[in-house]
Amino acid sequence: METTLVQSSWGQHRALANCPQCDSTFLLPQDEAAAEDTAVPCPFCAQAELTRLPDDAGQSLLASPPEMLAPFTADAAQLPQTLARFAKSTRFAPADLTPQNLHGRLRPLFLPMWLVDASAQAQWQAEAGFDYQVVSHREQFQNGQWRTQKIEETKIRWEPRVGLLNRRYENQVAPALEEHAQLEQTLGHFRRQEAIAYQPGILGKALVRLPNRPTADAWPEAQETIKTRAAEECQQAAAADHIRQFRWAAQFADQTWTQLLLPIYTSYYRDDDGIVRRVYVHGQTGNLHGERHASMKKARRWAATIAICAAVLFLLSLMLAAAGYFLPDVLPLAILGFVVALGVGILAFLPPLLAWLMNHQQKPLTFNDKRKIQ
């Protein structure tokens, strides 16, 4: 089966591929696009290999090239240390969670975002709030005498405001991926002001994920962003300190959409049950977010080792206690041994408890995949 090569629009050979697990669609870099027999794991969910798409698939996909791209600016030399710190900071880490595995599976990936320019005409109304100071006095009895304490409070005076707005808003963000909000919440915001114009060859070996939300689906969220911006401007126009209950009846025109690519790195490891735990690194700041999942098997081995030590101490103490029948001087040592054995035995419950707490206190990344390797 021939693969779709996106060349004329993107300016270079890029094959379309889809993940059958999370239903994400990607553009493969030139070397992987040419090697059709090369297995490429999904860089987003890491739970399946990408399936190359036929020629006619591109007609129904949002495969148009972007206008802008935010390049990778995180220090690449620091990535191994960042991944190593993550692996070493995971208590009772699974066998698959090693710095070498994380670095070997690291892939650069560009994620899409929509930017929209639109003209808005609207009638608006809101309550504008103005701060003012209220001075009062309070009498307090201290050290045998009454003292007057001056109290200043800031209160807000609310006044109704109405007006007309005729404004063009540029570069208002709208998600091109259903998962975009959670990604930004976990990794942090991207510096869109660092974006540069897209040029053929600028992607390098990075994969590109295609949008799964067309502009029509993203427009309602863009309107909310524009409304928030409009409320701030109306607050400034009213010279108010606050604004609330902002309402408007807006008409939009001259919409212009731009696709912007945002950089991240992806990697993963598998826990004891074979479930993929994903790791993401912000391509601009280097911030890492991943699921720290402890190995209950390793925790239980630690618990068994500690329990064996407690049992050995108990047996030695028991032998000393028996010897105390003939040598009374060793009885205090036997009692001390029993106490230490009891304390060590209690510690045996600690590793599984710590592992359980780590696994249940995590906030997993729950996107549109089944999370279990098939």
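# Reading the labels on this structure

Author: Fourteen residues line the largest pocket, and those nearest its centre are Val173, Pro175, His180, Ala181 and Glu221. The model is a predicted one, and the largest pocket in it has a volume of about 220 Å³.

Reader: Which elements each supply at least two residues of the lining of the largest pocket?

Author: Strand β6 (145-175), helix α4 (180-187) and helix α5 (215-237) each do so.

Reader: What is the make-up of the lining of the largest pocket by class?

Author: There are six nonpolar, three polar and five charged residues in the lining. Among the residues nearest the centre are Val173, Pro175 and Ala181; Val, Pro and Ala count as nonpolar, so these residues belong to that class. Glu counts as charged and His falls among the polar residues, and therefore Glu221 and His180 are placed in those two classes.

Reader: Why is the contact of Glu233 with Arg167 called a salt bridge?

Author: The N to O distance between their side chains is 2.9 Å, and the rule asks for a side-chain nitrogen of Lys or Arg within 4 Å of a carboxyl oxygen of Asp or Glu, so the pair qualifies. This salt bridge links distant parts of the chain, since Glu233 belongs to helix α5 and Arg167 to strand β6, 66 residues apart.

Reader: How do you know whether Glu233 is buried or exposed?

Author: Its relative accessible area is 19%, and buried means under 20%, so Glu233 is buried. Its partner Arg167, at 31% relative accessibility, lies between the limits of 20% and 50% and therefore counts as partly exposed.

Reader: What makes the pairing of Arg191 and Glu194 a salt bridge?

Author: The closest N and O atoms of Arg191 and Glu194 are 2.5 Å apart, which is within the 4 Å that the rule allows, so this pair is a salt bridge as well. Arg191 is partly exposed at 28% relative accessibility, and Glu194 is partly exposed with a relative accessible area of 28%. Elsewhere, salt bridges that share partners join Arg157, Glu159 and Arg161 into one network. Within this network the closest N and O atoms of Glu159 and Arg157 are 2.8 Å apart, while Glu159 is partly exposed at 23% and Arg157 is partly exposed at 39%.

Reader: How many salt bridges does the rule give?

Author: The count comes to twelve.

Reader: What makes the phi of Ala46 worth noting?

Author: The phi of Ala46 is near 60°, a positive value in a residue other than glycine. Most residues other than glycine have a negative phi. Ala46 is in the loop between α1 (30-34) and β3 (51-52), and its relative accessibility of 8% is under 20%, so Ala46 counts as buried. Ala239 also has a positive phi, near 55°, and is found in the loop between α5 and β9 (242-270); its relative accessible area of 59% is over 50%, so Ala239 is exposed.

Reader: Why is Val312 called partly exposed?

Author: Its relative accessible area of 44% lies between 20% and 50%, so Val312 is neither buried nor exposed by the rule. Val312 is in helix α6 (residues 296-323), and together with Ile308, Leu316 and Met319 makes a nonpolar surface patch of about 400 Å². Residues of a patch need over 30% relative accessible area, so the 44% of Val312 meets that part of the rule.

Reader: How do you know whether Val279 is buried or exposed?

Author: Val279 has 1% relative accessibility, under the limit of 20%, and therefore counts as buried. Val279 lies in strand β10 (residues 276-282), and although Val279 and Leu106 are 173 residues apart in sequence, their C-alpha atoms are 9.0 Å apart in space.

Reader: Where is Pro20 placed in the chain?

Author: Pro20 is in the loop between β1 and β2 (25-28). At 55% relative accessibility it passes the 50% limit, so Pro20 counts as exposed. Pro20 and Leu50 are 30 residues apart in sequence, with 7.1 Å between their C-alpha atoms.

Key:
Residues numbered from 1 in each chain as written. Predicted model: local features only at pLDDT ≥ 70, side-chain atom pairs only at ≥ 80, totals over all residues. Heavy atoms only, no water. Patch = residues over 30% accessible without salt bridge, like charges linked within 9 Å, V, L, I, M, F, W, Y side chains within 5 Å. Areas by Shrake-Rupley, 256 points an atom, 1.4 Å probe, with all protein chains shown as cover. Helix = DSSP H or I, 4+ residues; strand = E, 2+ residues; numbered from the N terminus. Buried < 20%, exposed > 50% of the residue type's maximum accessible area, 1.4 Å probe, protein only. 1 Å grid on protein atoms, 1.4 Å probe; cavity = no way out; pocket = protein on both sides within 12 Å on 5 of 7 lines; lining within 4 Å. Points joined across faces, edges and corners; volume = space filled by probe spheres on them.
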